[in-house]
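Work through the exercises below with the model open. Try each task before reading its solution.

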Amino acid sequence: MKRLATIAGFLVVLVLGAVALPSHADAASPTSLNLYVSSGFRYQDPNFSACTSTTAMDMLNFIALRSHGGTGFRWKVTLSGTTRDSILAWERTHDTLAGGTGSDPHGIRNALNYYGWGSGALIAGSRVYEDVAYGSYASAVKRAVRSMILTRKPVAILAWAGRHVQMMTGYYGLSGDPFARDSQGHYTNAFSVGGFYLADPLKSDAFVNRTISYTGLRTTTNLKFRFRPYLETDSPYDDPYTPGVVPARQEWYGKYVLVVPLK
C-alpha cells in the first residue's frame, strides 16, 4: 500500500467519545490472548499496493474461523487474490484519499464493516470497526488490548508512519485490570502487557504471528516494526459516513492510528 497518505503539518483533533468502548468492567481479561488463525492468513504479494485489503480479508477470516462475528456477520473465509484485489478496488471508492494506488484508514475501516456486516455497518453508530487516533503510544496500544478482550477481534495498526498496515492479533503478559476507571469514569490505563502478537501482510517483512515486546513496538530501531505516529497527508476529503466535515488527514496526522473493533 503506497497510498496511505500525507499532507504535512496538520494536527489531529479526534472526538473519542463517539467511539468509546462499551462499559464492560467485568470483561474476562486473560493473561494472554492470540486471535491469529494460520488457515486464515495470506500475504498481500504479489499486489504490493494491497496491504489494507489483505489485512481486511485476513482479519475477517480470523473472525469467521473463531466464530466471533456476532449478529449480521456475513463473511465467508477465502484466501483469493481476486477477492483481495476487489476489496482494494472497493476501498478506493470508499476512502478519503486524493490519489495513489492503495487506501487509507477509512478505506480499511469501511471494508471491514461492509464485507463483514453489510452496508448498514458503514454508518457512524452502527459500525463494528472504527478508526481511532491517540496522542500517545500507551493510550493507543492499551485501547487495542481492551478492544481485543471485549470483542475477540483483531486490530489493524497503521505501520510505517501510515504507509503500511499490520495486524495486531493479541497480547501476552497482562498484569492489572484493563477496565479499571477513575472517579470520573475514565480508564486509568494502570495495567501493563509484556507485548503483542503481530502479523504483517508483506512477505518480505517475514513477521507473521510473531511476538514483539511492549517496549520493542515503541522503540525498535527497525522502523518496519516500530509503531510510529501517522505522517501521511494525502487524505484531504471528508469521511461521508460520519457527521460533520473534517478533512480526514486532520483526524490522523501526528497520532497513533488504529482500526479497532467496537463490538
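**Exercise 1. Find the contacts of tyrosine 114, then place the residue.**

Step 1. Leave out residues up to four places away in sequence; tyrosine 114 then touches Arg74, Trp90, Ser119 and Leu122. Contact means heavy atoms within 4.5 Å.

Step 2. Take tryptophan 90 from that list. Tyrosine 114 and tryptophan 90 are 24 residues apart in sequence and 9.9 Å apart in space, C-alpha to C-alpha.

Step 3. Tyrosine 114 belongs to helix H3. Helices (H or I, at least four residues) and strands (E, at least two) are DSSP runs, numbered from the N terminus.

Step 4. Tyrosine 114 is partly exposed, because its relative accessible area is 25%. The cut-offs are under 20% for buried and over 50% for exposed, with partly exposed in between (1.4 Å probe, protein chains only).

The ground rules: this is a predicted model, where local features need pLDDT of at least 70, side-chain atom pairs count only at pLDDT 80 or more, and totals for chains, interfaces and linings use all residues. Residues are numbered from 1 along each chain as its sequence is written, and side-chain values use heavy atoms, with hydrogens and water left out.

**Exercise 2. Decide whether threonine 96 is buried or exposed, and find its polar partner.**

Step 1. Locate threonine 96 in the loop between H2 and helix H3 (105-117).

Step 2. Its relative accessible area is 1%, so threonine 96 is buried.

Step 3. The side chains of threonine 96 and histidine 106 share a polar contact of 3.1 Å. Such a contact is a pair of N or O atoms within 3.5 Å; within protein, one must be able to donate a hydrogen and the other to accept it, and residues adjacent in sequence count only if both atoms are side-chain atoms.

Step 4. Beyond four places in sequence, threonine 96 touches residues including Asp104, Asp234, Tyr237 and Trp252.

**Exercise 3. Describe the surroundings of strand S5 (residues 195-199).**

Step 1. S5 pairs with strand S4 (residues 164-172) in the antiparallel sense, over 5 bridges. Two strands pair if DSSP finds at least two bridges between them.

Step 2. S5 also pairs with strand S6 (residues 210-213), antiparallel over 4 bridges.

Step 3. Follow glycine 195. This glycine is the bridge partner of tyrosine 172, and glycine 195 stands opposite serine 213 in S6.

Step 4. Of the 5 residues of S5, 5 are buried, so the strand is largely enclosed by the rest of the structure.
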